[in-house]
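User: Please go through the assignments made for this structure and set each value against the definition behind it.

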Amino acid sequence: MALSVDIDGLSGFCKGVIRAISKAEERLGEGREVYSLGPIVHNDVELARLGALGLKTVERAELESLPAGGNAELLIRAHGEPPATYRLLGEKGLGVIDCTCPVVLNLQKQIREAYGRVKPLGGDVVIFGKVGHAEVLGLVGQVGGDAIVIEDLAALGKALAEGRLKPGRPMEVFSQTTKSPDEYAEVCSRLEGAVIHNTICAQVASRHKMLSDFANSHDVIIFVAGNSSSNGKVLCELCRSVNPRTHHIQSPEDLRREWFENDDNVGVCGATSTPRWLLEEVSEDILKYNK
């Protein structure tokens, strides 16, 4: 018997990433000089493709040195940015391509409104998210940094033990849009009396159950994602919890023949930052083992 391969139909770019990449390609095609504030997507292979088209990635410290006016534009990626970034860009007079995901924009608005409710009462805004993640930095920036970020259950326990979080105080809790729904539910269960907001992206949340079923229905899972993808880490661990024969790769070059038995049914899937074309390349390379 031969290896067979299925690609998960729901894997690949989320709508926010598709929109940002399409905007970048459109502007580059018009001959514009386009800079992305941080990697437009957490996938080195896709970044290399976009770099070949002319997209330049810059960090926040480099903003002051960018050319103002003229042919240059700065792209704000789907993760969003804090208000301070927009103020700086306005002062520089640099053109902006704002590709903040609408789901993230709505979350930013909710956090500002919640802050206005709880702060006069001595309460807190709590964000369940990865410390230092671009989206989380943008969320915390909506309230001038005055929010408590909880990365996991250990961080929650520490914040409670140190008194930074006091369940008796007014508290409104939000999640980074790409976090695990199960982890978020567990964190929220420890915060008795808090107002809980369901802010995980619906596209991400629905994928957890479906991806779990996909991983369970295949002999081997090849999960394709960049090492810096937060969403990729969460989803790959979900697959591994269901199917121990789960292997994380960044590109077809990472594949190993010893991972597969001759009659394995292989499932190929990826993060919301993984391009569909890359999943197809990985699938094609696996099938070469049959030759």
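**Assignments and their criteria**

Analyst: The structure holds 19 salt bridges, a salt bridge being a side-chain nitrogen of Lys or Arg within 4 Å of a carboxyl oxygen of Asp or Glu. The model is predicted: local features need pLDDT of at least 70, side-chain atom pairs count only at pLDDT 80 or more, and totals for chains, interfaces and linings use all residues. Residues are numbered from 1 along each chain as its sequence is written, and side-chain values use heavy atoms, with hydrogens and water left out.

User: Why is the pair E46 and R49 called a salt bridge?

Analyst: The side chains of E46 and R49 meet at 2.8 Å, N to O. The cut-off is 4 Å, so the pair qualifies. Both residues belong to helix α2 (helices are DSSP runs of H or I with at least four residues, strands are runs of E with at least two, and both are numbered from the N terminus). Being three residues apart there, E46 and R49 are separated by about one helical turn.

User: What makes E46 buried and R49 partly exposed?

Analyst: Buried means under 20% relative accessible area, exposed over 50%, and partly exposed in between (1.4 Å probe, protein chains only). E46 has 1% relative accessibility and therefore counts as buried. R49, at 29%, counts as partly exposed.

User: How do you know that E113 and K109 meet in a salt bridge, and where do they lie?

Analyst: The N to O distance between the side chains of E113 and K109 is 2.8 Å, so the 4 Å criterion is met. Both lie in helix α4, four residues apart, about one turn of the helix. E113 is partly exposed at 39% relative accessibility, and K109 is partly exposed at 42%.

User: What makes R27 and E26 a salt bridge, and which residues are linked with them in a network?

Analyst: Their side chains meet at 3.6 Å, N to O, and that value is within 4 Å, so the pair qualifies. The network of salt bridges links E26, R27, R32 and E73. R27 is buried because its relative accessible area is 18%, whereas E26, at 39%, is partly exposed.

User: Why is K92 said to have no salt bridge?

Analyst: The nearest side chain of opposite charge, E64, is 4.9 Å away (Lys and Arg count as positive and Asp and Glu as negative; His and the chain ends are not counted). The limit for a salt bridge is 4 Å, so K92 and E64 do not form one. K92 is nevertheless buried, and its place is in helix α3 (residues 83–92).

User: What does the side chain of K92 reach, and which residues does K92 contact?

Analyst: The side chain of K92 reaches the backbone oxygen of L66 at 3.0 Å. A polar contact is a pair of N or O atoms within 3.5 Å; within protein, one must be able to donate a hydrogen and the other to accept it, and residues adjacent in sequence count only if both atoms are side-chain atoms. Leaving aside neighbours within four places in sequence, K92 is in contact (heavy atoms within 4.5 Å) with L63, E64, L66 and A68.

User: How do you know that the buried residues of α10 line one face of the helix?

Analyst: L278, L279, V282, S283 and I286 are buried in α10. Seen down the axis, the buried residues fall within an arc of 140 degrees, so they line one face of the helix; the arc is that of the directions from the helix axis to the C-beta atoms. Their cover includes β1 (4–7), α2 (44–53) and β10 (220–224).

User: What makes the span of α10 close to the expected value?

Analyst: Helix α10 (residues 276–287) has 12 residues and reaches 17 Å from its first C-alpha to its last, against an expected 16 Å. The expected span is 1.5 Å times one less than the number of residues.

User: Why is helix α5 described as mostly covered?

Analyst: Six of the eight residues of α5 (residues 134–141) are buried, among them A134, E135 and V136. What covers the buried residues includes α4 (102–118), β6 (124–128) and β7 (148–150). G141, also in α5, is partly exposed at 23% relative accessibility.
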